[in-house]
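Q: Please give a close reading of one part of this structure, namely the helices of chain A and how they pack. I am in my first year, so please take the steps in order and explain the reasoning where there is some.

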Amino acid sequence: MTKMNNLLEIRDLHARIGDKEILKGINLDIAPGEIHAVMGPNGAGKSTLSAVLTGRPDYEVTSGAILFAGRNLLEMSPEERSWAGLFLSFQYPIEIPGVSITAFMKAAMAARRKAAGLPELKTGEFMKLLKEKMAFVQMNPDFAKRDVNAGFSGGEKKRNEIFQMAMLEPVLSILDETDSGLDVDALKIVADGVNALRTPEKSTIIITHYHKLLEYVRPHKVHVLKAGRIVADGGYELIDAIESRGFDQF
Amino acid sequence: MEKHVVKAGQTLVLEYFILPGESRDIEVEVELAGPGAALELRGLYLCSSTEKVSIRTLVRHSVPFCRSSQLIKGIAGGKADVSFDGLIVVAPGADGTEALQENHNIVLTDTANVRTKPQLEIYADDVKCSHGATVGRLGDEELFYMRSRGIPEADARELQILSFLAPVIPSGRREELEEAVRKTVNGSRQDSL
């Protein structure tokens, strides 16, 4: 019965890039409204997990299954996953010189609404929404005209990710090392954004090897990923254990 | 063969805008003949079938303190054949010269052919010259980033191409180019099916 209620179910997931197997049997259930932290040392497979969830073409799933809102996620294209409500905040957001944030978001919103059978937003409505969401993440409105991530600082790039998340209103957000390279002020803005976007239906996966963001966005469940497997599950106490004794204890 | 002489203090702007279906053979020589003369050359080509585009430029820096900038960017799809030959000659004594020459290409198909040959001949001592040429494919990282935001693959490729060409789009021609890019992307998708 509970199975039906999970937003995300990962079963015995194995994945590789090239000849190298990186995920070696991941199991994970995420219920609506939950925040999960996935922690682990470098090279544990954290970014591979987010890559596989979002459908990066260069990663191959060799066995296992992923159900997202009852659908077979592995059969969906990256854009279909987005339309279904999946969002990844990239660890290294990509620069797209020549494409403004406005043009980029307009294309994304139009495609999403089309997929949902909705008419495209009128330009006025779209610009109003864009401005609201930029204000919400405390982004300078001048950024609307700037090219996507081109010449942005690390903090500006991460803020742009959270802005996009606010625009697209995903059901499941994956924050991949969103806290890395952020100063405390930027971290608070990101955390406030994530907290303010929460609803009882929406879930979040925070991938990190660092506890800082988790102080602002408290996870319901914590998982430790190591060498391609989840080696420990628990609550906030796991974060304290990692803080004091590192990942070697697992 | 097009020939221009630019006098002291003047700036010559040359723009080439070549859309699908158009074959062109451009041969242009520009002499910067007086101090402070400048050249701004921008070129854009978008080829999607069997076009032949050849661009040859010769820029002569004959006197000191002239500036030239050549930026030529294009897309080659289908069985298009594109070539760029650029030569900058900096005459003896033409000190304080600034010359830049860039030709960048994206090929959409294995059957398209691009040759690019930027060259410098410098006979003066105090000059700032740079040249560069690339032939590449559309980047997978950008494509995936856009698709992960729900932008379908074909639309993402259009945006990518427009973004690559942005620095050389003549003012007022953006819409025309967008339409041509849309057709080119759809065409190259059908070819690969």
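A: What follows describes the helix packing in chain A, and then turns to the other chain and its sheet.

The model is predicted, and the description below should be read with that in mind.

**Helices α5, α6 and α7 of chain A**

Helix α5 of chain A covers residues 123-136, and its axis comes within 9 Å of the axis of α6(A), the two crossing at roughly 135°. An angle from 65 to 115 degrees would count as roughly perpendicular and one over 145 as roughly antiparallel; α5(A) and α6(A) are therefore oblique to each other. The crossing in which α5(A) passes α6(A) is right-handed. On the side of α5(A), the contact is made by Lys133(A), Met134(A) and Phe136(A), while α6(A) contributes Phe163(A), Ala166(A) and Met167(A). Sorted by class, the residues of this contact are five nonpolar and one charged, with no polar residue.

Helix α6(A) also meets helix α7 of chain A, which spans residues 184-196; here the axes come within 10 Å and cross at roughly 10°. Angles under 35 degrees count as roughly parallel, and α6(A) and α7(A) are therefore described as roughly parallel to each other. From α6(A), the residues that take part are Gly155(A), Lys158(A), Arg159(A), Ile162(A) and Ala166(A), and they meet Ala186(A), Ile189(A), Val190(A) and Gly193(A) of α7(A). This contact has five nonpolar, two polar and two charged residues. Ala166(A) thus appears in the contact with α5(A) and also in the contact with α7(A).

**A residue in a loop**

The loop between α4 and α5 of chain A holds Ala116(A). Is Ala116(A) buried or exposed? With 8 other C-beta atoms within 10 Å, Ala116(A) is exposed, because a residue counts as exposed if that number is 12 or fewer. Measuring from C-alpha to C-alpha in the model, Ala116(A) lies 29 Å from Asp192(A), and 76 residues separate the two in sequence.

**Where chain A meets chain B**

In the contact between the chains, 20 residues belong to chain A and 16 to chain B. At least two residues of the side of chain A that touches chain B come from each of α3 (78-83), β7 (96-100), α4 (101-115) and α6 (154-168) of chain A. This side of chain A is made up of 13 nonpolar, four polar and three charged residues.

**The sheet of chain B**

Chain B contains an open sheet of five strands, in the order β2-β4-β6-β8-β10, with parallel pairing. Strands β2 (11-18) and β10 (127-136) of chain B lie at the edges, each pairing on one side only.

Strand β6 of chain B, residues 67-76, pairs in the parallel sense with strand β8 of chain B, residues 97-107, over ten bridges. Strand β4 of chain B, residues 38-47, is likewise joined to β6(B) by ten bridges, and these two strands run parallel. Lys73(B) of β6(B) stands opposite Leu44(B), and the bridge partner of Lys73(B) in β8(B) is His104(B). Another bridge to β8(B) links Arg67(B) with Glu98(B). Seven of the ten residues of β6(B) are buried, so this strand is largely enclosed by the rest of the structure.

Key: Residues numbered from 1 in each chain as written. Chains lettered and ligands numbered in written order. Predicted model: local features only at pLDDT ≥ 70, side-chain atom pairs only at ≥ 80, totals over all residues. Contact = placed C-beta atoms within 7 Å. Helix = DSSP H or I, 4+ residues; strand = E, 2+ residues; numbered from the N terminus. Nonpolar A, V, L, I, M, F, W, Y, C, P; charged D, E, K, R; others polar. Axes fitted to C-alpha atoms, helices over the stretch in contact; angles between N-to-C directions. Left-handed = near helix turned anticlockwise from the far one by under 90°. Buried ≥ 20, exposed ≤ 12 C-beta atoms within 10 Å, placed from the backbone. Pairing = 2+ DSSP bridges.
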